[in-house]
Amino acid sequence: MFKVLENGQGNFLAAEVIDEYTKEDFEAFRKAFEEKISQGNKRVNILLKIDKLDMKKIHLGAFIADASYSLKHLRQLRHLAVVGSSAFEKKLVALDGKLFNRPEKELIEKYFDVADLDKAMAWAKS
């Protein structure tokens, strides 16, 4: 289940994925992201909380749609804070960051433990 945590004015979007990630969840994320772009934000900072996501319940169609969409919109992303609770999640974020981080363009993906949610929020908004 996809749930928006914060989507006010500005270029910041905070969301949480709980239990499973479906194509409907991806569409909800896409809609929230595109709303940010339609408000005139050229780049969006995102906080994604996944500590309650069951990685075995990520639907393949949702994963493919999400990955494809993300690759097409890399230029519109800036800071991506992923908040989780496992070493596996931390390693996935590190791997993803090695492939896609562009610090010179301020495109940075960073992992935070759920205990550091406030730090993650502050970093993602910076």
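1. Start with Asp19, which counts as partly exposed because its relative accessibility is 34%, a value between the 20% and 50% cut-offs. Keep in mind that you are looking at a predicted model. Asp19 sits in strand S3, and its phi is positive, about 70 degrees, even though Asp19 is not a glycine. That deserves a look, since most residues other than glycine have a negative phi.

2. Glu106 is another one to check. It isn't a glycine either, yet its phi is positive at about 60 degrees. You'll find Glu106 in the loop between H3 and S7. Is Glu106 buried or partly exposed? With a relative accessible area of 37%, Glu106 is partly exposed.

3. Next, helix H1, residues 23-38. Its 16 residues should span 22 Å at 1.5 Å a residue, and the C-alpha atoms at its ends are indeed 22 Å apart, so the two values agree. The buried residues in H1 are Asp25, Phe26, Phe29, Ala32, Phe33 and Lys36. Looking down the axis of H1, you'd see these buried residues fall within an arc of 130 degrees, so they line one face of the helix. Turned away from that buried side is a face with the exposed residues Glu24, Lys31 and Ser38.

4. What do the buried residues of H1 pack against? Five of the partners are strands you can pick out by number: S1 (2-6), S2 (12-17), S3 (19-21), S4 (44-49) and S6 (77-84); helix H2 (60-72) is on the list as well. After H1 comes Gly40, with a positive phi near 100 degrees.

5. For a close-up of H2, try Ala62, which lies in that helix. Ala62 counts as buried because its relative accessibility is 1%, and the cut-off for buried is under 20%. Leaving out residues up to four places away in sequence, Ala62 touches Tyr21, Thr22, Lys23 and Phe26. Phe26 is 36 residues from Ala62 along the chain, but their C-alpha atoms are separated by 6.0 Å. Phe26 also turned up above, among the buried residues of H1.

6. Helix H3 can be read in the same way. For its 14 residues, 1.5 Å a residue gives an expected span of 20 Å, and the end C-alpha atoms of H3 are 20 Å apart, so that agrees. Buried here are Glu89, Val93 and Gly97. Down the axis of H3, the buried residues fall within an arc of 75 degrees, so they line one face of the helix. They pack against S5, S6 and S7. On the face turned away from the buried side, look for the exposed residues Ala87, Lys91, Lys98 and Leu99.

7. Finally, the largest pocket, which holds about 1,000 Å³ of space. There are 33 residues lining it, and those closest to its centre are Leu48, Phe63, Asp66, Asp96 and Glu109. Two or more lining residues come from each of H1, S4, strand S5 (53-58), H2, S6, helix H3 (87-100) and strand S7 (108-113). Which element gives the most to this lining? That would be H3, with seven residues. By type, the lining divides into 26 nonpolar residues, three polar and four charged.

Methods:
Residues numbered from 1 in each chain as written. Predicted model: local features only at pLDDT ≥ 70, side-chain atom pairs only at ≥ 80, totals over all residues. Heavy atoms only, no water. Helix = DSSP H or I, 4+ residues; strand = E, 2+ residues; numbered from the N terminus. Expected span 1.5 Å × (residues − 1). Buried < 20%, exposed > 50% of the residue type's maximum accessible area, 1.4 Å probe, protein only. Arc of directions from axis to C-beta. Contact = heavy atoms within 4.5 Å. 1 Å grid on protein atoms, 1.4 Å probe; cavity = no way out; pocket = protein on both sides within 12 Å on 5 of 7 lines; lining within 4 Å. Points joined across faces, edges and corners; volume = space filled by probe spheres on them. Nonpolar A, V, L, I, M, F, W, Y, C, P; charged D, E, K, R; others polar.
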